[in-house]
Amino acid sequence: MASSAGTTVNLEGAAPAFGEPLVLVVDAHGLIASSLTVALRHAGFGRVEMIEPDRLHLDGPVPAVDLAAGDIVLVGLLYGDGRTALPLIRPLVQLGCRVIVMASDQALPLAGECLYLGAEAVLDKAMSFERLAVGLRRLSSGGWAMTEEERVALLESVERYKAAEEALRRPFEALTQREADVLAALVAGTAPKQIAHGDGVTVSTVRGHIQKMLSKLGVSSQREALAMARHAGWP
């Protein structure tokens, strides 16, 4: 039975009342999750509960029992410190849950993996609530929250994004290990003199690596190289 506070759901009470599915909402931001829970209830979804993010087993082999109780699990993708909801998707799908992932722009590269793991849909957090509600109603009635055309369009966007990311990183592949190490140190804020001192070499040696690195990256200054590296997410 779901608690009145909306934070705990037991498997014993997972059977939908009168065939109405239980929708569980979890997000890294409690305010978003609680607001979405209230909004869905007001929109006519009779069984909606919120799960606190600290109840998730993001690093374990199986999902939290709380989530396994849901017929539909609406889950945010990113949880900080490099943690994502990816480990939850396949186990939940195998348990019979229908998983909808909510993602923001910065999580786009992971969207395709969510679908491959069995998620019903990956929805943009910037979408309107009305569109989300329509998708959930379709899913509740046995339909799909995401059309095939939308899935194909999303996967194509992911591929374009990955191709663009690879193009940004490709110039750095020409760097030798030493040149890459020097650039990584510069990106981290280490000055050439500090790099030379730490490596036991002369500053002129370090500057020689920097000049070769600038030439290979096709830029004319250290500042441009740093901007290029940060834009590409390198290293």
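What percentage of the 235 residues in the protein do buried residues make up? In this predicted model, the figure comes out at 40%. As for secondary structure, the chain folds into 10 helices and 5 strands. The accessible surface adds up to about 12,500 Å², and carbon and sulfur atoms account for 55% of that surface. Contacts reach well along the chain, too: taking those between residues at least 6 apart in sequence, 68% link residues at least 24 apart.

Strand β3, spanning residues 72-76, is a handy place to zoom in. The strand is mostly covered, with 5 of its 5 residues buried. Its side chains split between two directions: Ile72, Leu74 and Gly76 point one way, while Val73 and Val75 point the other way. Whichever way they point, all of these residues are buried.

Now for the neighbours of β3. Strand β1 (residues 23-26) pairs with β3 in the parallel sense, and 4 bridges make up that pairing. Within this pair, Val25 has Leu74 of β3 as its bridge partner, and Leu74 is one of the residues that point the same way as Ile72 and Gly76. Strand β4 (residues 98-103) also runs parallel to β3, joined to it by 5 bridges. Here Gly76 is matched with Met102 of β4 as its bridge partner.

What about the link between β3 and β4? Helix α3, covering residues 86-94, takes part in a β-α-β unit with these two strands, and the unit is right-handed. Put together, β3 is a buried strand that has parallel pairings with β1 and with β4.

Conventions. Residues numbered from 1 in each chain as written. Predicted model: local features only at pLDDT ≥ 70, side-chain atom pairs only at ≥ 80, totals over all residues. Heavy atoms only, no water. Buried < 20%, exposed > 50% of the residue type's maximum accessible area, 1.4 Å probe, protein only. Pairing = 2+ DSSP bridges. Right-handed = clockwise from strand over helix to strand, strands pointing away. Contact = heavy atoms within 4.5 Å. Areas by Shrake-Rupley, 256 points an atom, 1.4 Å probe, with all protein chains shown as cover.
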